[in-house]
Structure formats: structure tokens, C-alpha cells
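Visitor: I'm new to this structure and would like a close look at a single part. Could you pick one helix and walk me around it?

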Amino acid sequence: MSKLLVLSWLLPPLGVIALLIGWLGGMSGDERRLCFNLGIGCFSGWYLCRVIGNRNGNRITLNNLRIEFQEAPVIREREPGECLRCDMGYYDRMEQFFERHGFFLIGDVIDERLGRMIPPVNSFNRLMQSADGTVSVEIVQAVLPWYGRLLTRIFRLPTKMVALHTELDDGTWLLLMNNPSSVRRQQPEFIHAVWLKPDTPPEELLRAFLEKRNKYLLEHQDRKPIAVRDLAGRIAQGLRRFEKIREFRARVGLITVQDYIAQGGKPEIAAQMHAKMVKIAGCDPVQ
């Protein structure tokens, strides 16, 4: 789908250039016909990309939503030599910062589901934990195929992210991320989240999260944070959050009408698209 999207943007200007060269280039008859044919071919290709993209778009979206919200994470430790295209300097800088503030390394893990996304994501999560085990840190960089990287540059989408979170004993989660694109999705009621800009320095991320966390715990003194101290505990913690999110997404039909509108969909067709997605996914959302 992303390849078709890139082609649908590139072909029209290429077609215009070919037609202008054929019209104004002072070429012979055969050369001019070749330029005109190339121009027509570019516009024909653009039309096919749009048609195919529209037909397959919902299926691809459903594939990614099902992987993210219906399939349990498949977590394993990263092997030496894996994900070498990632910016290891970024991971190391973030790790060193959090170590200076009392955090320790849990490990590097890979979620094998991401390789089946469209486009596939080649990355790993570096997991860290505060000294008392109650604040979790995830350091991530998404490495995409060439067409995915082109899209991120065109739309200036962040590919690096730091997330901090605390799980409370009543099932509540306190979360802070520097990935504002996540704001576009409706959040479950049990997640209290804050999003900062992608270029927010780690000092500000940590300060903002601790302020939010301390304020929440002061206002809800009957709720206690859950401590995690090893990789098995972090994996179990992630599965607990996934199960609660899966239940929420099944209740709303994977993606809500508000999600469609927030992601740029037209309000007049958002309800129609949501109903179609629910039917394809086999969900039974609560209205």
C-alpha cells in the first residue's frame, strides 16, 4: 500500500515533465511521440495506483490493526547482529542518560509481530527500569523499507520514541510518550497519557512524567505502583496491558469513528468506513 501511495505521488509530476519536454523540447517526431506516450503512461499508472490502493487500503489497515490489537505480542531477546540498521548511537545515548538517573538495563527485545506489518518494521525495544522498579522506560526506533522512509520524510513522521509508564495495582496505567501521532487514537479509560513533541529532550520527558506520576499518586493514595525488576516481569507487564487494550478495541470495533476523523478521514464517510471495518474484522462493538 505504501509503495502504491509513493508511486501515486511521483507519477503525475513525471507525466507533466514528459509532456512538457515533448511539447517544448524541440524534438523530432519520434522523440516527441515517445515523450507523449511516457506522459500518458505515467498518468495511466497513477490512475491504476489509486484504484488498486483504494481497493486494498482497508485490507491493509485491517491487517495492521489485527496484528496490533488482536494478536498477543511475540517477544524475544534480540540476538547479536540483529537490527544493525538501527541508530545504535541513539539507543546508547538514551540508555546512558537514564542510567545517570538511577535506571538500569533490563534488555533488548524484538516483537516479531512487527515484521508482518505493512510496511514491515525492523526494530527493537531497549527496556530499562527505575531503581525501585516502578517506572518503566522503552527506547524505540522504527526502521522501515525505502518507501516507508520516504513517507516518514514527506510527512515528517517521527521514527524514534521514548515511552515512560507506571502500572498501578488497580489496573490503571500512567503513560508519557514523545510520539504525538498516537494522540490521534481514542485511548482506553484506564490509560492516563501525556504526549510531548518528538524532539523533547530526555530531561524534559523524565521530569514531566515524574511530575504527572507524583501528582496522580498523591491524589489517589489508595493506588500503589507495581514494581518490575527483570525481563520476565516486563514481558508479563506488557501482556497485561495488551489484554486490557485488546478488550477495549474489541468493544469499540478495532478503530473508532473518532479515530478515522482524527487521522484525516472525512466525517461524512467515517461512520460508513467504521461499519465496514467492523464487518470485515468480525467485531461486535458496544454502541
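Guide: Let's take helix α5 and go around it side by side, then step over to one of its neighbours. Keep in mind that this is a predicted model.

Helix α5 runs over residues 202–219, which makes 18 residues. How far apart should its ends be? At 1.5 Å a residue, α5 should span 26 Å, and its end C-alpha atoms are indeed 26 Å apart, so the two figures agree.

Now look at which residues are tucked away. Pro202, Leu205, Leu206, Ala208, Phe209, Arg213, Tyr216 and Leu217 of α5 are buried. These residues cover an arc of only 165° around the axis, which means that they sit on the same side of α5. There's a simple bit of helix geometry to have in mind here: an α-helix has 3.6 residues a turn, so residues three or four places apart point the same way. Flip to the other side of α5 and you'll find Lys215, Leu218 and Glu219, which are exposed.

So what lies over the buried side? The cover for the buried residues of α5 includes α3 (88–100), along with the strands β5 (160–167), β6 (173–177) and β7 (191–195).

Helix α3, which spans 88–100, deserves a quick stop for its rings. Tyr90 and Tyr91 are both buried, and Tyr90 and Tyr91 join Phe124 in one aromatic cluster. Phe124 has a charged visitor too: Arg78 lies over the face of its ring, at 4.3 Å from the ring centre. Phe97 and Phe98 are buried as well.

Conventions:
Residues numbered from 1 in each chain as written. Predicted model: local features only at pLDDT ≥ 70, side-chain atom pairs only at ≥ 80, totals over all residues. Heavy atoms only, no water. Buried < 20%, exposed > 50% of the residue type's maximum accessible area, 1.4 Å probe, protein only. Phe/Tyr/Trp six-rings, centres within 6.5 Å; stacked < 30°, edge-to-face > 60°. Lys NZ or Arg CZ within 6 Å of the ring centre and 35° of its normal. Helix = DSSP H or I, 4+ residues; strand = E, 2+ residues; numbered from the N terminus. Expected span 1.5 Å × (residues − 1). Arc of directions from axis to C-beta. Contact = heavy atoms within 4.5 Å.
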